[in-house]
Amino acid sequence: QPAGPVLAIESSCDETACAILAPDGTCLAQRVVSQDGHADFGGVVPEIAARAHLALLPALVEATLADAELATTDLAFIAASTGPGLIGGLIVGTSFAKGLALALNVPFVAVNHVEAHALTARLPGIVPGGAPFPYLLLLVSGGHCQCIAVEGVGHYRKLGGTIDDAAGEAFDKVAKMLGLGWPGGPALEKLAREGKPDAIALPRPLLHRQGCDFSFSGLKTAIAQKLAPYGQEALPHQFAADLAASFQQAVADVVADRINHALDMMPQARLLVAAGGVAANTPLRARLEDVAQRRGLRFAAPPLKLCTDNAVMVGWAALETWRKSAERGLPAPNNTTLRPRPRW
Ligand code: KG4
Ligand code: ZN
């Protein structure tokens, strides 16, 4: 274990976050700012996000240190998401973290953002009884949609992913077509509660197809066609609710099928983990739980604030990497020369 706490930074998309974790993974303090200023554009604007990270980070880091009642000199090392993500934000967060590490003369650990999502389930207290390797991770957010076999720290196999939109992107686009705000997922889920999931026939892209890839653009097009007759007219409320419910049902059907295929490809898995903003969707969670139960597996989804982008997961992934180096008798990791990688 490192000699002191780690300070971690997350800035790969539109959350600016900082967390401080004790060497055993206990969270000492964490703060997340979900940037505003993007909603008017109906999506994250990379340039606005990068500038906001730059404006927010110094005070956020100071406040997080104050919450933990620590000084920078107490820190054993610094970590940051170094990719994949929006390059501007990655540069801001990584440069900030490297600068701090150099000034304090402590190591800088570069963290892969997807790896951080993948290892969140292993944070102490998340999964009752712990999350031993290997497990299947379904990562479903606005930017990601993939099935990953998590076999060990640094050992991941992508079993399948989306061939067009991410799941959250589909939720957001459909919500926009229904005249709901951005981000659309939560609003769509709320509207769907008033609708019937079997009211409107929609396609189930890639259902029963080999492998576990996803596709959502056909579903989006089908919704656009159902909406076309209304033109600029306001939608009847019940019709909008039925459409939302039917869309959500179609997504759940497809995801359940894809996960079954992924589990077929990974017979050693004893645990299914869902992460990412879309994993907050209650009907989807229920379906995943059902899939796991039928197969005699455990199901876990980290609490929402650890499912969406945060810095606790970044600090935890860095600690796991640190421990793995130590176990192998290697020197502590230090990635000061590593550059941010938008497509890592
Ligand atoms: O993980 P996240 O906060 O950010 C990244 O994309 O990295 O995920 C945000 C996405 C958005 O597309 C949002 O609409 C979706 O997650 N989302 C939901 C729900 N809550 C958030 N989608 C469906 N149902 C929800 N309850
Ligand atoms: Zn993320």
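Let's start inside the protein, at strand β5, where both faces are covered: Phe108, Ala110 and Asn112 are buried on one side, and Val109 and Val111 are buried on the other. Keep in mind that this is a predicted model. Strand β5 spans residues 108-112, and because five of its five residues are buried, the strand is largely enclosed by the rest of the structure. Next to it you can look for strand β4, residues 77-83, which runs parallel to β5 and is joined to it by five bridges. If you want a single pair to find on screen, try Ser81, which stands opposite Val111 of β5.

Stay with β4 a moment longer and follow the chain onwards. The peptide bond from Gly83 to Pro84 is cis, with omega near -15°. Pro84 belongs to the loop between β4 and α2, the helix at 87-104. Why point this out? Most peptide bonds are trans, and most residues other than glycine have a negative phi. A further cis bond links Phe133 to Pro134, with omega near -5°. Pro134 sits in the loop that connects α3 (113-119) with β6.

The phi angles offer some oddities too. Asn105, in the loop between α2 and β5, has a positive phi of about 60° although it is not a glycine. Is Asn105 buried or exposed? It counts as exposed, because only 12 or fewer C-beta neighbours are needed for that label, and Asn105 has 6 other C-beta atoms within 10 Å. Leu206 also has a positive phi without being a glycine, near 65° in its case. You'll find Leu206 in the loop between α5 and α6. Leu206 has 21 C-beta neighbours inside 10 Å, so it counts as buried; the cut-off for that is 20 or more.

Now for a sheet. Five strands make up an open sheet with mixed pairing, and their order is β8-β7-β6-β9-β10. At its edges are β8 (155-161) and β10 (298-300), each of which pairs on one side only. From one strand to the next, the twist averages 20°. As a reminder, strands of a sheet pair through backbone hydrogen bonds, either parallel or antiparallel. Strand β9, residues 271-275, pairs with β10 in the parallel sense over three bridges. One bridge to pick out is that of Leu272, whose partner in β10 is Phe299.

Strand β6 of this sheet covers residues 135-140 and includes Val140. Val140 is buried, because it has 29 other C-beta atoms within 10 Å. Which residues does Val140 contact, leaving aside its neighbours within four places in sequence? They are Cys145, Ala167, Gly168, Ala274, Gly276, Val278 and Ala279.

Two of those contacts, Ala167 and Gly168, are among the buried residues of helix α4, so let's go there next. Helix α4 is mostly covered, with nine of its eleven residues buried. Its cover includes β6, β7 (145-152), α5, α6 (217-227) and α7 (237-264). Just after the helix, Gly179 takes a positive phi of about 80°.

Within α4, which spans residues 167-177, look for Asp172. Asp172 is buried, because 24 other C-beta atoms lie within 10 Å. Not counting residues up to four places away in sequence, Asp172 touches Gly142, Trp182, Pro183, Gly184 and Gly185.

That brings us to ligand 1. Which of the 19 residues around ligand 1 come nearest? They are Ser141, Gly142, Gly168, Gly185 and Gly277. The elements that give two or more residues to this shell are α4 and α5, the latter at 184-192. Helix α5 gives the most, with four residues. By kind, the shell divides into six nonpolar, ten polar and three charged residues.

How does this fit with the record? An unreviewed UniProt entry places the feature "binding site" at Leu139, Val140, Ser141, Gly142, Gly143, Asp172, Gly185, Glu189 and Asn281. You have already met Val140 in β6 and Asp172 in α4. The unreviewed entry also places "domain: Gcp-like" at residues 27-316. In the model, this span is 44% helix and 17% strand, and its end C-alpha atoms lie 9 Å apart.

Technical notes
Residues are numbered from 1 along each chain as its sequence is written. Chains are lettered from A and ligands numbered from 1 in the order in which they are written. This is a predicted model: local features need pLDDT of at least 70, side-chain atom pairs count only at pLDDT 80 or more; totals for chains, interfaces and linings use all residues. Two strands pair if DSSP finds at least two bridges between them. Axes are lines fitted to C-alpha atoms, for helices over the stretch in contact, and angles run from 0 to 180 degrees between N-to-C directions. UniProt positions are given in the numbering used here, feature names are shortened, and annotations may be inferred rather than shown by experiment. Two residues are in contact if their C-beta atoms, placed from the backbone, lie within 7 Å. A residue is near a molecule or strand if its C-beta atom, placed from the backbone, lies within 6 Å of it. Ala, Val, Leu, Ile, Met, Phe, Trp, Tyr, Cys and Pro count as nonpolar, Asp, Glu, Lys and Arg as charged, and the others, Gly among them, as polar.
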